[in-house]
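Me: I would like a close look at one part of this model and its surroundings. Please keep it plain and give the cut-offs as they come up.

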Amino acid sequence: MIPKQENTRARLPIDRVSPQDEPAILALNNEHAAELSWLEPERLSFLLGEAFYARRVGALEAFIMTFDQDARYDSPNFLWFRERYPHFVYVDRVVVAQEARGRGHARRLYEDLFDHVSRAGQTIVTCEVNADPPNPASDAFHAALGFVEVGDAVIHGGKKAVRYYTRPISG
C-alpha cells in the first residue's frame with residue numbers, strides 16, 4: 001500500500017524585518033499602493049525605524065508594520081487614534097503577496113502581534129479599513145479577529161473614506 005501524500009509544507013517563520021528586507025517590502029507595498037499608500041525608499045526606512053512591531057513571513061510572503069502612540073508618524077489615521085486613545089498600537093499595513101494568499105499569514109501575523117502587544121503591556125490594537133473604496137474582505141477578517149468599529153472619516157481631500165477599528169488585548 002502506498003502511503004497517502006499529505007501537504008507537509010512547514011509553517012514559514014515570522015521574523016523581524018531587517019534593513020536587508022527593505023527593497024522587497026517596498027516592492028510588495030507599492031504593488032498594493034491603492035489599498036495602502038505609495039512609499040519611497042527613504043520613507044519606508046524612516047517608518048521601519050519608528051515601528052513598534054514590524055515582521056515578515058518567510059522570505060517575504062507577507063509583512064506587517066505597526067506603531068505605538070509615541071511614534072513620529074503623520075498619517076491621518078494614526079493621528080485619529082492618537083487624539084482619542086492615550087495608549088495604543090496602530091496597525092498601519094499588512095500585506096500578503098498575491099501568490100501567498102489563503103495560507104493564514106495575515107492571521108498569524110496578527111496573533112503574533114497580539115502576543116507582542118500583551119507582553120509590552122499595551123491593551124488596545126487599532127487599525128482602519130477602507131470604506132470607499134470598500135474592502136468587505138478586510139472588514140470580515142478584522143471582525144473575525146475581534147475588532148469592533150469605533151469611528152469613521154473621509155481623508156485625503158475626500159478621495160478615501162475609512163472605518164476605524166479597535167481590539168482590546170488582555171494581559
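What covers the buried residues of H1?

Reply: The model is predicted, so local features need pLDDT of at least 70 and side-chain atom pairs count only at pLDDT 80 or more, while totals for chains, interfaces and linings use all residues. Residues are numbered from 1 along each chain as its sequence is written, and side-chain values use heavy atoms, with hydrogens and water left out.

The cover of the buried residues of H1 includes H2, strand E3 (62-68) and E4. Helices (H or I, at least four residues) and strands (E, at least two) are DSSP runs, numbered from the N terminus. Helix H1 spans residues 22-31, and its buried members are Glu-22, Ile-25, Leu-26, Leu-28, Asn-29 and Asn-30. Buried stands for under 20% relative accessible area, exposed for over 50%, and partly exposed for what lies in between, with a 1.4 Å probe and protein chains only.

One residue of E4 shows a link to H1 directly. Arg-93 belongs to strand E4 and is buried, at 3% relative accessible area. Neighbours within four places in sequence aside, Arg-93 is in contact with Asn-29, Leu-36, Ser-37, Leu-39, Phe-63, Ile-64, Met-65 and Tyr-73; contact means heavy atoms within 4.5 Å. Of these partners, Asn-29 is among the buried residues of H1. Arg-93 also sits 8.6 Å from Cys-127, C-alpha to C-alpha, across 34 residues of sequence.

Just before H1 comes a charged pair. Arg-56 and Asp-21 form a salt bridge, with 2.9 Å between the closest N and O atoms; the term requires a side-chain nitrogen of Lys or Arg within 4 Å of a carboxyl oxygen of Asp or Glu. Because Arg-56 lies in strand E2 (residues 53-57) and Asp-21 in the loop between strand E1 (14-16) and H1, the pair ties together parts that are 35 residues apart in sequence. Both partners, Arg-56 and Asp-21, are buried.

A second bridge joins Arg-103 and Glu-61, at 2.8 Å from N to O. Arg-103 is in the loop between E4 and H4 and Glu-61 in the loop between E2 and E3, so parts 42 residues apart in sequence are tied together. Arg-103 is partly exposed at 36% relative accessibility, whereas Glu-61 is buried at 17%.

A third bridge pairs Arg-163 with Asp-139, the closest N and O atoms being 2.4 Å apart. It links distant parts of the chain, Arg-163 in strand E7 (residues 160-168) and Asp-139 in helix H5, 24 residues apart. Asp-139 is buried at 15% relative accessibility, and its contacts beyond four places in sequence are Val-129, Arg-163 and Tyr-165. Returning to the loop before H1, salt bridges that share partners join Asp-15, Asp-21 and Arg-56 into one network. The count of salt bridges comes to eight.

Not every buried charge is paired in this way. Arg-108, in helix H4, is buried yet has no salt bridge, and the nearest side chain of opposite charge, Glu-111, is 6.5 Å away. Here Lys and Arg count as positive and Asp and Glu as negative, with His and the chain ends not counted. Residues up to four places away in sequence not counted, Arg-108 touches Arg-11, Leu-12, Pro-13, Ile-14 and Val-57.

H2 and E4 also take part in the largest pocket. Its volume is about 1,100 Å³, and of its 42 lining residues the closest to the centre are Glu-35, Leu-36, Val-94, Asn-135 and Ser-138. On a 1 Å grid over the protein atoms alone, a pocket is an open set of points where a 1.4 Å probe fits, with protein on both sides within 12 Å along at least five of seven lines, and lining residues have an atom within 4 Å of a point. Points are joined across faces, edges and corners, and a volume is the space filled by probe spheres set on them.

Elements that each supply at least two lining residues include helix H2 (41-50), strand E4 (89-96) and helix H5 (136-144). E4 gives the most, with seven residues. By class the lining has 20 nonpolar, 12 polar and 10 charged residues.

How values were computed: Nonpolar A, V, L, I, M, F, W, Y, C, P; charged D, E, K, R; others polar.
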